[in-house]
Amino acid sequence: MRELKLPTADGGLERYTPGEPRAWRTPSGPPTSRIAYAAGHVVADPRADNGPGVPATVDWDATLRFRRHLWSLGLRVADAMDTAQRNMGLDWAATRELIRRSAAEAAAHGDPAELVACGAGTDHRPDAATLDDVAAAYEEQIEVVRDAGAGVIIMASRQLARIARGRPEDYHAVYGRLLEQADRPVILHWLGEMFDPNLAGYWGSDDLDKAVGHFLDLVRAHASRIDGVKVSLLDADREIEIRAGLPAGVRLYTGDDFNYPDLIASGSDALLGIFDAIAPAAAAALHALDAGDVAAYDEIFAPTVPLSRKIFETPTYHYKTGIVFLAWLAGHQEAFTMVNGAQSARSVVHLAEVFRLADAAGLLPDPELAVRRMRALLAVHGVDQ
């Protein structure tokens, strides 16, 4: 029996029976009209102590198996990023190993510099006190990514935000130094404060109009060293403004997990955390776009948007819990556990709604498995079936 009782927002229970999964057609290769990265999550070792503040212990077999799943659908992988719990439990030792292993696995499938791009930041130097400290920390992580053979994504830095607040010239000094050393074009990542409150005022101003201007000035000054910019502000109009201001040859990779269908259709490429959870649908939609079938593109993506908006609801930075929850329900990993104990960051009511919306989007490939696992989770939360 597939029927189960799910908690509701008003404190009640409702009987729910998931439908049949959607039969997604496996693409024959990557999409051609857009470049699409799925930001991948890490699978915690369920038998290890992965509690808050404890160094991360990763299930490497399951983590790499999930990356092969993404590549099999024609998606690229953005690794060691926010979705992999950078600054929220994935320490530098585990991150460095993730970069090495992910790039090595990619090499068995093609060019790792194309198949995987990895985040380089400054999180291993929380004590950085000067701009030179920040730049040196970036350089150390960039070298790790380069040595692995992966593409480089320069992530936003909490340490730079703390030191350079209100001084756009400080951002230009650090990023300019890094970009002048780039041996191939990199991706710049603007992560909004809804994803990390420590990044408020990034690029030197709390005024977004001014911050956009400072950011575009930097990109224009170093355009030949920049493949694209990844913008995660959850503001479609702002993203369109930034996209229009980019110099020729610099891509806009949408990081807007609320408005991605319209933004991709109108010209943005993609680097999205939600693509981890909706990878089969994302691949199918992008191939429909390649074929010029806008109706099919819209039809595929439409039910994924309510799901994504639920997963990324405030506090947005806890979206990783929903991503890992769906990977567990779909059978990509054996346990609903996360580094830093982050599986506890969302309520059972929230997760029940994610279950419903994933089902509505056709993203529970084995409904019987999903129901068994959901029942087990509900039992832990005192919801008898």
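Hi everyone. Let's start with one term: a residue is called buried when its relative accessible area is under 20%, and exposed when that area is over 50%, with partly exposed in between. Please keep in mind that this is a predicted model. Today I'd like to walk you through some of its salt bridges.

How many salt bridges does the structure hold? There are 26.

Let me begin with Asp82 and Lys320, whose side chains form one of them, at 3.3 Å from N to O. This pair links distant parts of the chain, 238 residues apart: Asp82 sits in the loop between β4 and α2, and Lys320 belongs to helix α14. Are these two residues buried or exposed? Asp82 and Lys320 are both buried.

Next, have a look at Arg225 and Glu180. Their closest N and O atoms are 3.9 Å apart in a salt bridge. Here, too, distant parts of the chain are linked, with Arg225 in the loop between α7 and β8, Glu180 in helix α6, and their positions 45 residues apart. Arg225 has 25% relative accessibility, so it counts as partly exposed. Glu180, at 48%, is also classed as partly exposed.

My third pair is Glu334 and Arg373, joined by a salt bridge of 3.2 Å, N to O. Glu334 lies in the loop between α14 and α15 while Arg373 is in helix α16, so their contact ties together parts 39 residues apart in sequence. Glu334 counts as exposed because its relative accessibility is 60%. Arg373, in contrast, is buried, at 12%.

One last thing to find on your screens: Arg2, Glu20 and Glu368 are joined into one network by salt bridges that share partners. Thanks for listening!

Terms used
Residues are numbered from 1 along each chain as its sequence is written. This is a predicted model: local features need pLDDT of at least 70, side-chain atom pairs count only at pLDDT 80 or more; totals for chains, interfaces and linings use all residues. Side-chain values use heavy atoms; hydrogens and water are left out. A salt bridge is a side-chain nitrogen of Lys or Arg within 4 Å of a carboxyl oxygen of Asp or Glu. Helices (H or I, at least four residues) and strands (E, at least two) are DSSP runs, numbered from the N terminus. Buried means under 20% relative accessible area, exposed over 50%, partly exposed in between (1.4 Å probe, protein chains only).
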